[in-house]
Amino acid sequence: MQPSASASVPASAPRYDERLTAPRSWWLLAALVAVSGGLIMLPLGTLPMLGGLIVAGALASMAVSSYGSARVRVVAGSLVAGDARIPVSALGEPEVLDAEEARAWRTHKADTRAYMLMRGYIPGAVRVEVTDPADPTPYVYLSSRDPEALAAALTDVRAAQPEGSGKA
């Protein structure tokens with residue numbers, strides 16, 4: 001996470017950048033899957049055991065890495081979250097959610113039309129209403145380890161945009 005500290009940062013530089021990495025315990029599980037793959041192949045000999053260890057480890061590591069590769073960025077007047085790119089001008093005020101509120105918005109308060117980039121192992125989150133009338137998405141929910149910095153970056157970018165740039 002690197003919120004910008006300077007107002008003279010170029011527009012193309014990220015105001016906020018966070019990678020939602022998987023927790024360390026998941027990497028331990030990937031290692032255990034690798035060992036399991038080796039043990040499954042052990043009756044066939046040493047070479048198949050090593051092959052099973054390597055293949056199972058590689059597959060488990062790729063799965064953990066790909067799940068933890070989601071990024072949340074505020075760059076060039078846009079919020080980039082996973083595959084979504086939303087102009088900040090199409091967003092309302094960000095709402096910082098504590099762990100309890102974030103859990104509520106992930107469960108019983110959730111709207112199926114919302115864009116949610118959530119990770120259950122990250123307790124904090126930010127919810128931002130989508131104000132573009134042409135967009136059926138009611139809000140964007142983003143897990144974040146530093147939701148205050150993400151909300152501040154969104155607010156700063158919105159404040160820096162000219163009043164007439166509200167069209168998305």
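Leucine 50 is found in helix H2, helices (H or I, at least four residues) and strands (E, at least two) being DSSP runs numbered from the N terminus. At 38% relative accessibility this leucine counts as partly exposed, a class that lies between buried (under 20% relative accessible area) and exposed (over 50%), with a 1.4 Å probe and protein chains only. The model is predicted, so that local features need pLDDT of at least 70 and side-chain atom pairs count only at pLDDT 80 or more, whereas totals for chains, interfaces and linings use all residues. Residues are numbered from 1 along each chain as its sequence is written, and side-chain values use heavy atoms, with hydrogens and water left out.

Leu50 joins Val35, Leu39, Leu42, Leu47, Leu53 and Ile54 in a nonpolar surface patch of about 670 Å². Two or more residues of the patch come from each of helix H1 (24–41) and helix H2 (46–67), and H2 gives the most, with four residues. Patch residues have over 30% relative accessible area and no salt bridge, nonpolar side chains (Val, Leu, Ile, Met, Phe, Trp, Tyr) being joined within 5 Å and like charges within 9 Å; accessible areas come from the Shrake-Rupley method with a 1.4 Å probe, and for residues only the protein chains shown count as cover. A salt bridge is a side-chain nitrogen of Lys or Arg within 4 Å of a carboxyl oxygen of Asp or Glu.

Four strands form an open antiparallel sheet in the order E1-E2-E3-E4, where pairing requires at least two DSSP bridges between two strands. Strand E1 (16–19) and strand E4 (84–87) stand at the edges with a single partner strand each, so one side of each is left without a neighbour in the sheet. Strand E3 (residues 78–81) and E4 pair over four bridges, and serine 78 has proline 87 in E4 as its bridge partner.
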